[in-house]
Amino acid sequence: MTEQRFTIHQTGSTQELDAIHRALADEPAITAIVEESGRHYSVPDGDDLPEWTALRVYCQTDGDVAAFMDALRHRLAERLGWQVVNEVTFASF
């Protein structure tokens, strides 16, 4: 097994991300979760754009992290519903 990492990101509200964070505690392959947050600053006048929050997730897996993320998304959807899972973005890096 190798350690892999990926992020789960949400802009604006964190209600769905918070529910996912709690559900990840039941995943035995996940070894650590680090929460990060900030504000988007990409407009010329410096006005704040919406806040973002992300979970950096570390896991142990034998296979491809993309396959692990896909299976995890489906397990989370079964538990929390697709309306929750579709409000966040999963990305590997």
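Is F90 buried or exposed? Select F90 first: this residue is buried, with a relative accessible area of 14%, where buried stands for under 20% relative accessible area, exposed for over 50% and partly exposed for what lies in between, computed with a 1.4 Å probe on protein chains only.

Before going on, keep in mind that this is a predicted model, in which local features need pLDDT of at least 70 and side-chain atom pairs count only at pLDDT 80 or more, while totals for chains, interfaces and linings use all residues. Residues are numbered from 1 along each chain as its sequence is written, and side-chain values use heavy atoms, with hydrogens and water left out.

**The whole chain**

Show the chain as a cartoon, and 3 helices and 4 strands appear, these being DSSP runs numbered from the N terminus (H or I with at least four residues for helices, E with at least two for strands). Followed from the N terminus, the elements come in the order β-α-β-β-α-α-β. Of the 93 residues in the chain, 33% are buried. Among the contacts with a separation of 6 or more, 67% are between residues 24 or more positions apart, a contact being heavy atoms within 4.5 Å.

**The aromatic rings**

Return to F90 and add F6 and F68, which ring pairs link into a cluster. A search of the whole structure finds 2 aromatic pairs; rings of Phe, Tyr and Trp (its six-membered ring) pair if their centres lie within 6.5 Å, and planes under 30 degrees apart count as stacked, over 60 as edge-to-face and the rest as tilted. The rings of F6 and F68 have centres 6.1 Å apart and planes at 55°, so this pair is tilted. It joins distant parts of the chain, since F6 belongs to strand β1 and F68 to helix α2, 62 residues apart. F6 is buried at a relative accessible area of 0%, and F68 is buried as well, at 12%. The pair of F6 with F90 is stacked, with 6.4 Å from centre to centre and 20° between the planes. Because F6 lies in strand β1 and F90 in strand β4 (residues 89-92), this pair ties together parts that are 84 residues apart in sequence.

**Two helices in contact**

Next, select helix α1 (residues 15-24) and helix α2 (residues 65-80), which pack at an angle of about 105° with their axes 11 Å apart. The axes are lines fitted to C-alpha atoms, for helices over the stretch in contact, and angles run from 0 to 180 degrees between N-to-C directions. The two helices, α1 and α2, are therefore roughly perpendicular to each other, a term for angles of 65 to 115 degrees. Show the side chains of A19, I20, A23 and L24 on α1 and of L72, L76, R79 and L80 on α2, which make the contact.

**Q10 and its neighbours**

Move now to Q10 in strand β1 (residues 2-11), a buried residue with a relative accessible area of 3%. Its side chain reaches the backbone oxygen of S13 at 3.1 Å, and a polar atom of the Q10 side chain lies 2.9 Å from the backbone nitrogen of L17. Leaving aside residues up to four places away in sequence, Q10 touches Q15, E16, L17, E51, W52, T53, E87 and V88.

**A last stop at R39**

Finish with R39, placed in strand β2 (residues 30-39) and partly exposed, with a relative accessible area of 34%. Its C-alpha atom is separated by 9.0 Å from that of T11, 28 residues apart along the chain.

Conventions: Parallel < 35°, antiparallel > 145°, perpendicular 65-115°, else oblique. Polar contact = N/O pair within 3.5 Å; in protein donor to acceptor, adjacent residues only side chain to side chain.
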